[in-house]
Each structure stands twice: as C-alpha cells, then as structure tokens.
Amino acid sequence: MTEKLGFIGLGNMGLPMSVNLLKAGYKVYGFDINSQAIEQFKKEGGVGFATAKEVAEQSDIIMTSLPTPQVVEQVYRSEQGILHHAKKGCLLIDFSTVNPELNDSLHKEAQLLGLSYLGAPVSGGVIGAINATLTIMVGGKEEDYQTGSEIFQIIGKNIYYLGTSPSVGTRIKLLNNLMIGFYTEAVAETIVLGEKMGIHADTLYEVLSNSYGQSRIYERNYLEYMKNDNYQPGFSTNLLLKDLKLAKNMADEAGVPLRIGEKLVDLYSDISQQGYGENDMSATYLSLKENCKIEQS
C-alpha cells in the first residue's frame, strides 16, 4: 500500500469511491472543478489539489470518474492534463462511461508515453459507490489489471476482467445502460397506468416483485426513489440520456437497428427538456404523470 493514488472527479460517484480508498489506508490526492467537493474530500482525509496536473505529477496510479466523454478527453489530453504530466510507468484507470473509441485511443496514447491504461466503467450507482458494492468492468492488459486489482476490490464487489481490449468494459456498460433505459420507462408506464386504474403502487410492487415483471431497476426506482418522493440524482436522466446516445452510436457502427433504443433517445430527450434532466432517472414517472394531466385538461 505504498502507492500514491490520484483521483480526478470527486462527484456523486468519485467522492465515495475515493473515500473508500482513504478508509483502506491509501494516501489519495484529489481534484475536482467543484471546490466544495474538494473540501469534502479533504475533510475525509484526502489531499486536495487545485489542478489535475498536480494530481498527475504526484501519483503512481491515477483514477478518473467524469461525467462525459468530452470532459474525459479534456482531462486526459489538454496541456495541463494527465497524459502530459503523469509519471512514467503510471497506471491510468478511467471509471467513466465514454464512447469505446475514446478508451481505445487513450490506451494507445498512454502506451506511446510509457503509461498504462485501463477502461473500467462501473455500475451500481451512488449507493454502490458508498457501500463499495460496485460492479467494475475492466479492459486492458492483464498485468495492468493485476496492478489495479487491490483498488478494484476495495471500491467494488463484482469485479470482471474482460480481456485485453481497453473498450470491452465500456461496450458491456453501454449495453447495460440500454437495458436500464428500457426498464426505467417500463416501470414508469406500469405504475402510472396501474394508478389510473385504481391500483396502489405498493400493491402493484408487492405482486410484480414476485412475478416475472420483477427487475432490479423496478426495485431501485420504486423503493429508493418513487416511494419516498425523492428524486435527488443517484443516476440522473441526463446521464442516462448520454449513455443511450453512446449505445445508439455503437449500434449504428455495428449495423444493428435498435427498434426500441432509438425511440428511447427521443423519449429521454423530451423528459430532460420537460425539466427532469438533473433529477434521478426514476423521475421518468413524474414526467409521465405530468403528461397524463396535460392530456386530460
């Protein structure tokens, strides 16, 4: 445990992940554009820096958890970014969900600079990050995976090494989030329709959770958010929309028509424009209820 760790992106996911590394006894340097996030990180025992460059210069292993491919590219490739300032031999681990091509190109650039790179997107939401129960989907050289394996075991529960392609984990993560898009809308439609017919949402959940309609997204969206009238983002509508667009691009490149998936991009775009983009994705339910009221007036 002599490695000095860097963590860039101390948001809803990155902060609890970095805190779990601190609790495990690692020295962790951190950066985020949100100064409040850095202050919270420092309260937990981390060493906060003012730039990503400083984190890169000090760390043996650098992790990133960032919201969009554009931000990831900026943090890695800019003049003040990771690739230009990481120490030779440093291992870079990106937990973000990006387009697969970005994983592949960052891996190539890292190799040319004497650095190692793993694409390692995660699933499990904020609760999983806090409780260290994340599923982590890792692609890259096996020796690099072994170097990072202790870190993965600290922040996650279900760790999958998926092969030498740095983008294989991202491809699986996008397929996962495509299904989340299906399920989230299905939960909203089922509950709103049930309520319109006079069936209480608790009764519907009790029956369907013991039937083939059961799903982990139904359990998550209903029990953690809808039942409590709490739509603070564990995974926001806008982030889901971003991933659905990436999944559609991946399908287009593979020549596979997404007969429902393409409609989901439009659907979640509308939900975001309705004002629910920064809410948790379970607010899809609120969006549909609002639409029903409009249709009835």
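Contact, as the word is used in this report, means heavy atoms within 4.5 Å. The structure is a predicted model, in which local features need pLDDT of at least 70, side-chain atom pairs count only at pLDDT 80 or more, and totals for chains, interfaces and linings use all residues. Residues are numbered from 1 along each chain as its sequence is written, and side-chain values use heavy atoms, with hydrogens and water left out. Helices (H or I, at least four residues) and strands (E, at least two) are DSSP runs, numbered from the N terminus.

## Helix 4 and helix 6

Two packed helices are described by the angle between their axes and the distance between the axes. Axes here are lines fitted to C-alpha atoms, for helices over the stretch in contact, and angles run from 0 to 180 degrees between N-to-C directions. Helix 4 (residues 69–77) packs against helix 6 (residues 100–112) at an angle of about 5 degrees, and their axes are 11 Å apart. The two helices are therefore roughly parallel to each other; angles under 35 degrees count as roughly parallel, over 145 as roughly antiparallel, 65 to 115 as roughly perpendicular and the rest as oblique.

On the side of helix 4, the residues that meet helix 6 are Pro69, Val72, Glu73, Tyr76 and Arg77, and their partners in helix 6 are Leu102, Ser105, Leu106 and Glu109. By class, this contact of helix 4 with helix 6 has five nonpolar, one polar and three charged residues. In this classing, Ala, Val, Leu, Ile, Met, Phe, Trp, Tyr, Cys and Pro count as nonpolar, Asp, Glu, Lys and Arg as charged, and the others, Gly among them, as polar.

## Helix 1 and the second largest pocket

Helix 1 is mostly covered, with nine of its 10 residues buried. Buried means under 20% relative accessible area, exposed over 50%, and partly exposed in between (1.4 Å probe, protein chains only). The buried residues of helix 1 are Gly14, Leu15, Pro16, Met17, Ser18, Val19, Asn20, Leu21 and Leu22. Just after helix 1, glycine 25 takes a positive phi of about 105 degrees.

Helix 1 (14–23) and helix 7 (125–131) each supply at least two residues to the lining of the second largest pocket. Helix 1 gives the most to that lining, with five residues. On a 1 Å grid over the protein atoms alone, a pocket is an open set of points with protein on both sides within 12 Å along at least five of seven lines, and lining residues have an atom within 4 Å of a point. The volume of the second largest pocket is about 170 Å³. Its lining consists of Leu10, Gly11, Asn12, Leu15, Pro16, Val19, Asn20, Lys23, Val126 and Ile130, and by class has six nonpolar, three polar and one charged residues.

## Residues paired across the sequence

The table gives C-alpha separations for four pairs of residues.

| Residue | Partner | Apart in sequence | C-alpha to C-alpha |
|---|---|---|---|
| Isoleucine 82 | Isoleucine 62 | 20 residues | 8.3 Å |
| Alanine 120 | Glycine 169 | 49 residues | 6.1 Å |
| Valine 192 | Lysine 289 | 97 residues | 6.6 Å |
| Methionine 226 | Threonine 284 | 58 residues | 10.0 Å |

Isoleucine 82 is placed in helix 5 (residues 82–85) and counts as buried at 0% relative accessibility. Leaving aside neighbours within four places in sequence, isoleucine 82 is in contact with Ile8, Ala56, Ile62, Thr64, Val75, Tyr76 and Leu92.

Alanine 120 is in the loop between strand 6 (116–119) and strand 7 (122–123), and is buried, with a relative accessible area of 0%. Beyond its neighbours within four places in sequence, alanine 120 is in contact with residues including Ile93, Asp94, Phe95 and Phe152.

Valine 192 lies in helix 9 (residues 168–196) and is buried, at a relative accessible area of 5%. With neighbours within four places set aside, valine 192 is in contact with Tyr285, Leu288, Lys289 and Cys292. Methionine 226 is found in helix 11, where its relative accessible area of 9% makes it buried. Among the contacts of methionine 226 outside four places in sequence are Val187, Ile191, Tyr231 and Tyr285.

## Positive phi in two loops

Most residues other than glycine have a negative phi. Alanine 132 has a positive phi of about 60 degrees although it is not a glycine. Alanine 132 belongs to the loop between helix 7 and strand 8 (134–138), and is buried, with a relative accessible area of 19%. Aspartate 229, also not a glycine, has a positive phi near 50 degrees. The loop that holds aspartate 229 runs between helix 11 (216–226) and helix 12 (237–254), and aspartate 229 is exposed, with a relative accessible area of 59%.

Notes
1 Å grid on protein atoms, 1.4 Å probe; cavity = no way out; pocket = protein on both sides within 12 Å on 5 of 7 lines; lining within 4 Å. Points joined across faces, edges and corners; volume = space filled by probe spheres on them.
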